[in-house]
Amino acid sequence: MRFFIETIGCQMNQLDARLLEGALRRCGWEAASGPDGADAVLLFTCSVRSKPEEKVFSRLGQLRPLKDRNPALRIGVLGCMAERLGPAVRERAPVVDIVAGPGNFLKVPELLSTGALHEPSVLCGFDEQLRFTRDVRSRRSAVQAFVSVMRGCQKGCSYCVVPGVRGPERSRTLRGILDEVERLADDGVREVTLLGQSIGSWGRDIGEALPALLRRVCAVPGLLRVRFLTSHPADFHPELLRVFGETERLCPHLQMPAQSGSDRILEAMNRGYSSGDYRRLLESIRGAVPDMEITSDFIVGFPGETDADFRETLDLVGWAGFRNVFAFKYVPRPKTKAAQRSDDVPPHEKQNRLRALLDLQKDVGERRNREMIGRVVTVLSEGPSPRDRTRWTGRTPHNHIVTFEGPDRCGSTPQLSIRGATALTLEGTRTHHEP
Ligand code: SAH
Ligand code: SF4
Ligand code: F3S
């Protein structure tokens, strides 16, 4: 039997897709090269904005003829949108056989086996047994892996569906995380990225805290690099800065979304910090770790956002020197607090603000990229570049993507001298010394 998985959404979804893939393989399933040759097509979906949900419905429309030709084909809608919509997925797309949210997708192999699925299944809610699985196949390349350290989120940002679709925060135990990281390292993984929607709150429910976890994970033999995502600015543990100083394995990169530069908007978003708090945090981080790269998310056109509010966001972006920014036009999401307010920034104005923010960041990003020219960096080699197969790509500890002349060996750590820069990637050539 063959499966085909398609995934959209964030790293948590990517990880969940890998976990299901591992579970299916253990049950004897093999990967199909496309939906055509598959016995089951499984879509991992995202609900954070409305566009990714519409994309799934249009994909389901494209899959219908396949199912008409092969009625035994099973189609699953998994992940966040499954949780948010439940049975409504099938009402709109009857072609779907299985709907299973983030707390239930690991039941899919069982549902698919032994023809157990006589009628469509809709599985939502959070079954404590399924919180985590240990699975060495959850890696994203031969030498890198994502490791989930917690599930859910309860920050309650007023615009966000994630707490609703991923459930409350539940931390995985220190032992469970270390066991998995040790197994990955034994298996050749050199870089792990620990994942949590607001990873700064890891351990709060089990009497632990992130700095201690990072110290232990960084000490796992065989690992070269450790990263973690996403840092909520209101949860930043000052002790973390000390950990960065203690070990080179902890990569100097933080994904720390600001969302807005206006205090009024931050408050309406229920983010729990002011623009000044964010700036002070950034200063203290850079005071302790001067080369720290920081990336951020922003929402433009939140209800009530005026020109003046938006200018404060631009001020923050101009000041902060972010490495990279992900910016989104606000969309009201069902059952969120912000959706009760009028979505009063007109679409063209949201578009203008998005453009202005991205243009500003592009200037900042390009300037920062050019500053890299002439420097020598060490990358962890990931594999051939998808754009130009004669070149390879790797990442620096700061999470800069560098291409260099191939071939190379996945997992090696060549030293590269930076010769050129484009908007998102750097170009390097090997220096003579390899560390
Ligand atoms: N846990 C992470 C991000 C989760 S969602 C954090 O706290 O930052 C990823 C990004 O989607 C968010 O950072 C936010 O910028 C954006 N986003 C979430 N809900 C949105 C909405 N209703 N409209 C537009 N963008 C949204
Ligand atoms: Fe959503 Fe806020 Fe949780 Fe991030 S921290 S997932 S934005 S509720
Ligand atoms: Fe991630 Fe989208 Fe779910 S951002 S947590 S896949 S709603």
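Student: How many cavities of 30 Å³ or more are there in this structure?

Tutor: The structure is a predicted model, and the count comes to 4 cavities of 30 Å³ or more. The largest cavity has a volume of about 80 Å³.

Student: What makes a space a cavity rather than a pocket?

Tutor: A 1.4 Å probe fits in a cavity but cannot get out, whereas a pocket is an open set of points. Around the largest cavity the lining consists of Met12, Leu15, Asp16, Ser148, Met150, Arg151, Gly152, Arg166 and Gln197. Two elements, α1 (11-26) and β8 (150-151), each give two or more residues to that lining. The largest share is that of α1, with 3 residues.

Student: How is the lining of the largest cavity divided by class?

Tutor: The division is 3 nonpolar, 3 polar and 3 charged residues. Gly152 is in that lining, and Gly152 goes with the polar residues because glycine is placed in that class.

Student: Which residues lie nearest the centre of the second largest pocket?

Tutor: They are Glu248, Pro252, Asp291, Pro397 and His398, out of 29 lining residues. The volume of this pocket is about 630 Å³. At least two lining residues come from each of α9 (239-246), α11 (275-288) and β15 (376-378), and β15 gives the most, with 3 residues. By class the lining has 13 nonpolar, 7 polar and 9 charged residues.

Student: Which residues are closest to ligand 1?

Tutor: Arg49, Gln197, Gln259, Asp297 and Val331 are the closest of the 14 residues that surround ligand 1. The shell divides into 7 nonpolar, 2 polar and 5 charged residues.

Student: Why is the approach of Asp297 to ligand 1 called a polar contact?

Tutor: An N or O atom in the side chain of Asp297 is 2.6 Å from an oxygen atom of ligand 1. The limit for such a pair is 3.5 Å, so the Asp297 pair qualifies. The side chain of Gln259 also has an N or O atom at 2.8 Å from an oxygen atom of ligand 1. At Val331 the protein atom is a backbone N or O, placed 2.8 Å from a nitrogen atom of ligand 1.

Student: How much of the accessible area of ligand 1 does the protein cover?

Tutor: The protein covers 90% of the 530 Å² that ligand 1 has on its own. Two or more residues of the shell come from each of β13 (293-300) and β14 (324-329).

Student: What is unusual to note about phi of Gln259, and where is this residue found?

Tutor: Phi of Gln259 is near 75°, a positive value in a residue other than glycine. Gln259 is found in the loop between β12 (253-255) and α10 (263-268).

Student: Which residues surround ligand 2, and which surround ligand 3?

Tutor: Ligand 2 has Cys153, Lys155, Gly156, Cys157, Tyr159, Cys160, Val162, Pro163, Gln197, His232 and Arg271 around it. By class these are 6 nonpolar, 3 polar and 2 charged residues. Ligand 3 has Gly9, Cys10, Asn13, Cys46, Ser47, Val48, Cys80, Arg166 and Gln197 around it, and its shell holds 4 nonpolar, 4 polar and 1 charged residues. Gln197 is also among the residues closest to ligand 1 and lines the largest cavity.

Student: Why do Phe44 and Phe105 count as an aromatic pair, and which kind of pair is it?

Tutor: The Phe44 and Phe105 rings are 5.6 Å apart, centre to centre, with 80° between the planes. Centres must lie within 6.5 Å and planes over 60 degrees apart are edge-to-face, so this is an edge-to-face pair. The count of aromatic pairs comes to 7. Phe44 in strand β3 (residues 40-45) and Phe105 in the loop between β5 (98-100) and α5 (108-112) are 61 residues apart, and their pair links distant parts of the chain.

Student: Where are cis peptide bonds found, and what are their omega values?

Tutor: One joins Leu229 and Thr230, with omega about -15°. Thr230 lies in the loop between β11 (225-229) and α9. Another runs from Gly406 to Pro407, with omega near -10°. Pro407 is in the loop between β18 (401-405) and β19 (415-421).

Note on methods
Residues numbered from 1 in each chain as written. Chains lettered and ligands numbered in written order. Predicted model: local features only at pLDDT ≥ 70, side-chain atom pairs only at ≥ 80, totals over all residues. Heavy atoms only, no water. Near = heavy atom within 4 Å. Polar contact = N/O pair within 3.5 Å; in protein donor to acceptor, adjacent residues only side chain to side chain. Areas by Shrake-Rupley, 256 points an atom, 1.4 Å probe, with all protein chains shown as cover. Helix = DSSP H or I, 4+ residues; strand = E, 2+ residues; numbered from the N terminus. 1 Å grid on protein atoms, 1.4 Å probe; cavity = no way out; pocket = protein on both sides within 12 Å on 5 of 7 lines; lining within 4 Å. Points joined across faces, edges and corners; volume = space filled by probe spheres on them. Phe/Tyr/Trp six-rings, centres within 6.5 Å; stacked < 30°, edge-to-face > 60°.
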